[in-house]
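Reader: I would like to go through this model piece by piece. Please keep the answers short and end each one on the value or name I ask for.

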Amino acid sequence: MSDQRELAAQFDQLAALMEITGANGFRVSAARRVARVLQEFDGDLRELAETPGGLEAMDGIGKGSAERIRQWCRTGRLEGRDRIAAEVPDGLIGLLDISGLGPKTVGRLWREAGVTDTATLREAINDGRLASLPRMGAKTIANISDSLDFAAKAAQRTSIGAALPLATQLCAALASVPGTTRIDWAGSLRRGCETIGDIDLLAISGDPTCLIAAFTTQPGVTKVLAAGDTKASVRLNDQIQIDLRVVPEQEFGAAWLYFTGSKEHNVALRHRAQQRNLRLNEYGLFPDDGEESPPQDRGKRPIASQTEQDIYEALELPWRPPELRESRDGITEPPPDLITVEDICRDLHTHTTASDGHLSIRDMAEEAIRRGFDSLAITDHSRSSVQANGLDADRLRSHIEAIREVDASLPEITLLAGSEVDIHADGRLDYDDEILAMLDIVVASPHAALKQSPDDATARLIEAASHPLVHIIGHPTGRMIGRRPGLEPDMRALCAAAAAHGTALEINANPKRLDLCDRHVRIALECGGLISINTDAHQAGHFDFLRYGVLTGRRGTLTAEACINAWPLSRLLEWLDRGS
DNA sequence: GCCGTTTTCGGCCCGACTGTTTTCAGTCG
């Protein structure tokens, strides 16, 4: 784990412990903000710490935190964290993740009932200690107990690959409820995050009661967490929480903006509103009349509320795509013209039955034609990927022949004979140059030795990216989300080398990978590099992964111009010939 | 703890829902 990720985790723990001990909420938020800033930082933390004023120049890091970061660099200890951890049991931090338990309650459970972690909480419920506390009724205890069970069996976060299809299906089902005129998703799903905590739905309905009733009684609901006049939350199949909010049509934009987030983006917009004597909430943008109570409750009319565009415009800001509403994104800069799924003309990394795919060359080509692609690269595994039935040089030669034959029979599409060539731990490629030169396209990917040191990984990937016959580095880190971190190369150095040699870096669109990730895409683009979005399809359905790759690219500020899959075919073919 | 086009003090987003208690605290997003 990099320095900044490790230290970010410590600041987060510090914030949680402070919260439980009742520290000032703003100081808690400040610590969380430092953690977020560190999480987003991609350079060399120790180097920055030694640069006078370097840390302080980062938004959210003041004098105090800067000094503590420097001290951590010297000693490996975060001042304050150890002290507070000595007083407060670490296990309490995990309790904050239990739905319905906040810092106040966790603090009370600890002080008044001796609870120190999930196990002792369960004991305290069972032996009646909890029931003896004030403001701890039967219903509250039942809810805590239920949340404990849920937390024990549910996955922490859901892959966007599961959440997006589910949201699509839910919206389709609820759209048919009488009175519903619009339903859409918001939240981290709309921002295209790689994992989703829960799914937020937003609807316009003339009959909210009916819609909420349909929502809370739909098939798969295992618990109704809340059900009010305009808002409801359910747990679906004991796996994921779904929130629904119903609003009138004229407030949809304000609500969509609000529930899409991110939280930091909302705060920035509210701040902008305040500076202009305006007040922004989920009902609209109102003139600030100095009254404390919500303006909509006093019959005030908003100056903007129906669409997001109206609100940004009234704040004199450019509309931002949801993918660029994270804490790292400003609000004033006009966003770039982001790439869309429709811009993509081809997939340049796919597999067939020659290695570990499920379809023949022809079946893959026909699927690509159905999806409107102008070309398709067939890139089966190289010989070292034995588990994936990788091709040795002889099999590869005949495979190239076979690809050319199918290509000649299909005028609708151009097939490129390629290979996904293993990058060995030392940076050498799995085929000789003589073989590589026969291919139309070479995707070089790391598959083994994914735990090597950052220095070795950097050298390995730079060597591959500098090879004159390599066009694309496939899934550069080899990570699997939530399962393995993969390589941790010096991404800026890798991106600079790739850009210098005209080698594209892949966004592998498989939702389990999304590699490069959004942050790394930004670095690649800052270095002037090229990106390739590919699905790594092993069967027809895998082409659907494309949208996850595009969302990740958009979160990384990718435009069609910088993505070789969006270029006109002639330009791509010219580029592929380069240097060979 | 951080920040500042009203800057070194004073403010820091805002509202729905629940449970338990009679007016609101806590949690969530």
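Reader: Leaving aside its neighbours within four places in sequence, which residues is Ile141 in contact with?

Author: A word first: this is a predicted model. Ile141 sits in helix 9, which covers residues 138–153. Setting aside neighbours within four places in sequence, the contacts of Ile141 are Ile125, Leu130, Ala131 and Met136.

Reader: Is Ile141 buried or exposed?

Author: The relative accessible area of Ile141 is 12%. Buried means under 20%. Therefore Ile141 is buried.

Reader: What distance separates the C-alpha atoms of Ile141 and Ile125?

Author: Along the chain, Ile141 and Ile125 are 16 residues apart. Ile125 is among the helix 8 residues that meet helix 9, and Ile141 is among their helix 9 partners. The C-alpha atoms of the two are separated by 7.2 Å.

Reader: At what angle do helix 8 and helix 9 pack?

Author: Two packed helices are described by the angle between their axes and the distance between the axes. For helix 8 and helix 9, the axes are 11 Å apart. Helix 8 passes helix 9 in a left-handed crossing. The packing angle is about 145°.

Reader: Which residues of helix 9 meet helix 8, and how many nonpolar residues does the contact have?

Author: Helix 8 brings Thr118, Leu121, Arg122 and Ile125. They meet Ile141, Ile144, Ser145, Leu148 and Asp149 in helix 9. By class, two residues of this contact are polar and two are charged, while the nonpolar ones number five.

Reader: Which residue between helix 8 and helix 9 has a positive phi without being glycine?

Author: Most residues other than glycine have a negative phi. In the loop between helix 8 and helix 9, one residue has phi near 60°. This residue is exposed, with a relative accessible area of 80%. The residue is Arg135.

Reader: What is the phi of Thr557?

Author: Thr557 lies in the loop between helix 22 (546–555) and helix 23 (569–576). At 23% relative accessibility, Thr557 counts as partly exposed. Thr557 is not a glycine, yet its phi is positive, at about 70°.

Reader: Where is Ser262, and what is the omega of the peptide bond from Gly261 to Ser262?

Author: Ser262 is in the loop between helix 13 (252–260) and helix 14 (263–275). Most peptide bonds are trans. The bond from Gly261 to Ser262 is cis, with omega near 0°.

Reader: Which peptide bond is cis with omega near 10°?

Author: Look at the loop between strand 15 (504–508) and helix 21 (518–526). Leu516 has its place there. The cis bond with omega near 10° runs from Asp515 to Leu516.

Reader: Helix 21 also holds Arg519. What does Arg519 touch, not counting residues up to four places away in sequence?

Author: Arg519 is buried, with a relative accessible area of 17%. The cut-off for buried is under 20%. Beyond four places in sequence, Arg519 touches Arg5, Gln39, Glu40, Asp42 and Arg328.

Reader: What distance separates the C-alpha atoms of His265 and Arg328?

Author: His265 is in helix 14. At 2% relative accessibility, His265 counts as buried. Not counting residues up to four places away in sequence, His265 touches Tyr312, Arg320, Arg325 and Ile331. His265 and Arg328 are 63 residues apart along the chain, and their C-alpha atoms are separated by 9.2 Å.

Reader: How is helix 1 oriented to helix 4: parallel, antiparallel, perpendicular or oblique?

Author: The axes of helix 1 (residues 3–20) and helix 4 (residues 63–75) come within 12 Å and cross at roughly 125°. Roughly perpendicular ends at 115 degrees, and roughly antiparallel needs over 145. So helix 1 is, relative to helix 4, oblique.

Reader: Which residues of helix 4 make the contact with helix 1?

Author: Helix 1 passes helix 4 in a right-handed crossing. On the side of helix 1, the contact is made by Asp3, Glu6, Leu7, Gln10, Phe11 and Leu14. The contact residues divide into five nonpolar, one polar and three charged. Those of helix 4 are Arg68, Ile69 and Trp72.

Reader: What distance separates the centres of domain 1 and domain 4?

Author: Chain A is divided into domain 1 (3–154), domain 2 (158–246), domain 3 (252–324) and domain 4 (341–579). The centres are taken over C-alpha atoms. Between domain 1 and domain 4, the separation is 41 Å.

Technical notes:
Residues numbered from 1 in each chain as written. Chains lettered and ligands numbered in written order. Predicted model: local features only at pLDDT ≥ 70, side-chain atom pairs only at ≥ 80, totals over all residues. Heavy atoms only, no water. Axes fitted to C-alpha atoms, helices over the stretch in contact; angles between N-to-C directions. Helix = DSSP H or I, 4+ residues; strand = E, 2+ residues; numbered from the N terminus. Parallel < 35°, antiparallel > 145°, perpendicular 65-115°, else oblique. Left-handed = near helix turned anticlockwise from the far one by under 90°. Contact = heavy atoms within 4.5 Å. Nonpolar A, V, L, I, M, F, W, Y, C, P; charged D, E, K, R; others polar. Domains from an automatic or database assignment. Buried < 20%, exposed > 50% of the residue type's maximum accessible area, 1.4 Å probe, protein only.
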